[in-house]
Amino acid sequence: MNSMLIPIIIMVAFFSIEFVILYLLVVKNLTKSRANGLDIPLSSLIGMKLRKVDIDEILDAAIILRREGINYNISELEAHSLAGGHAKKVAEGMAIAKRA
C-alpha cells in the first residue's frame, strides 16, 4: 500500500507547488486590477498566464477603457491580444476617438 501512496503524494505536491507559483506570478496583476477598480477574477488572470497572454497589456487597455467610460469585455481584449493585436493601442485609439 505504501508503494502506491508515494506517487500520489508526489503528484499532489507537484500540482500544489505549480499552483502556488502561478498564484504568486499573478498576485501583482491582481493587485493592479483591484487598485484601478477592475473586477477581474483571479481565475481569469491565471488563465491568461497559462495562455501566455501579456497580462500587463490587457490590464493597461482595460484601465484606459474604464477611465474613458467605454464598455469593454476582458475576454475580447484577450482574444484580440491572442490574435496578434495590440490591445493597449486599440484602447488608446478608442479613447482618442471618444474625446474627438
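This is a short tour of the structure, stop by stop, with a selection to make at each one.

**The whole chain**

Start with everything shown as a cartoon, and keep in mind that this is a predicted model. You will find 5 helices and 0 strands, and from the N terminus the order of elements reads α-α-α-α-α. The radius of gyration is 18 Å, well over the 13 Å that the globule rule gives for 100 residues, so the protein is more spread out than a compact globule. Turn the C-alpha trace along its principal axes and the spans come to about 70 × 30 × 15 Å.

Now switch on the surface. The protein exposes about 6800 Å², with carbon and sulfur atoms supplying 65% of that area. Of the 100 residues, 29% are buried. If you display contacts between residues at least 6 apart in sequence, 61% of them join residues at least 24 apart. Colouring by charge brings up 12 positive and 10 negative charges, and the mean positions of the two sets are 3 Å apart.

**Helix H2 and its surroundings**

Next, select residues 42-50, which form helix H2. Which residues of H2 are buried? They are Leu45, Ile46, Gly47 and Met48. Add helix H1 (2-35), helix H3 (55-68) and helix H4 (74-82) to the view, since the buried residues of H2 pack against these three helices. Then step past the end of H2 to lysine 52, where phi is positive, near 60°.

**Asparagine 29**

Go back to helix H1 and pick asparagine 29. Is this residue buried or exposed? Asparagine 29 counts as buried, at 5% relative accessibility. Set aside its neighbours within four places in sequence, and the residues in contact with asparagine 29 are Leu45, Ile55, Asp56 and Leu59. Leu45 will be familiar from the previous stop, as one of the buried residues of H2.

**The salt bridges**

Side chains of opposite charge can pair when their charged atoms come close. The structure holds 6 salt bridges, and the tour calls at some of them.

Select lysine 32 and aspartate 60 first: their side chains meet in a salt bridge with an N to O distance of 2.7 Å. Lysine 32 belongs to helix H1 and aspartate 60 to helix H3, so this pair ties together parts that are 28 residues apart in sequence. Lysine 32 is partly exposed, with a relative accessible area of 26%.

Move on to arginine 34 and aspartate 39, whose side chains form a salt bridge at 3.7 Å, N to O. Arginine 34 is partly exposed at 43% relative accessible area, while aspartate 39 counts as exposed, at 69%.

Now bring up glutamate 78 and arginine 51, where the salt bridge is 2.6 Å from N to O. Glutamate 78 sits in helix H4 and arginine 51 in the loop between H2 and H3, so the pair ties together parts that are 27 residues apart in sequence. With a relative accessible area of 7%, glutamate 78 is buried, whereas arginine 51 is partly exposed at 43%.

For the last selection, show Lys32, Asp60 and Lys88 together: salt bridges that share partners join these residues into one network.

Notes. Residues are numbered from 1 along each chain as its sequence is written. This is a predicted model: local features need pLDDT of at least 70, side-chain atom pairs count only at pLDDT 80 or more; totals for chains, interfaces and linings use all residues. Side-chain values use heavy atoms; hydrogens and water are left out. Helices (H or I, at least four residues) and strands (E, at least two) are DSSP runs, numbered from the N terminus. The radius of gyration is taken over C-alpha atoms; the globule rule is 2.2 Å times the number of residues to the power 0.38. Buried means under 20% relative accessible area, exposed over 50%, partly exposed in between (1.4 Å probe, protein chains only). Contact means heavy atoms within 4.5 Å. Accessible areas come from the Shrake-Rupley method with a 1.4 Å probe; for residues, only the protein chains shown count as cover. Lys and Arg count as positive and Asp and Glu as negative; His and the chain ends are not counted. The place of a charge is taken as NZ of Lys, CZ of Arg, CG of Asp or CD of Glu. A salt bridge is a side-chain nitrogen of Lys or Arg within 4 Å of a carboxyl oxygen of Asp or Glu.
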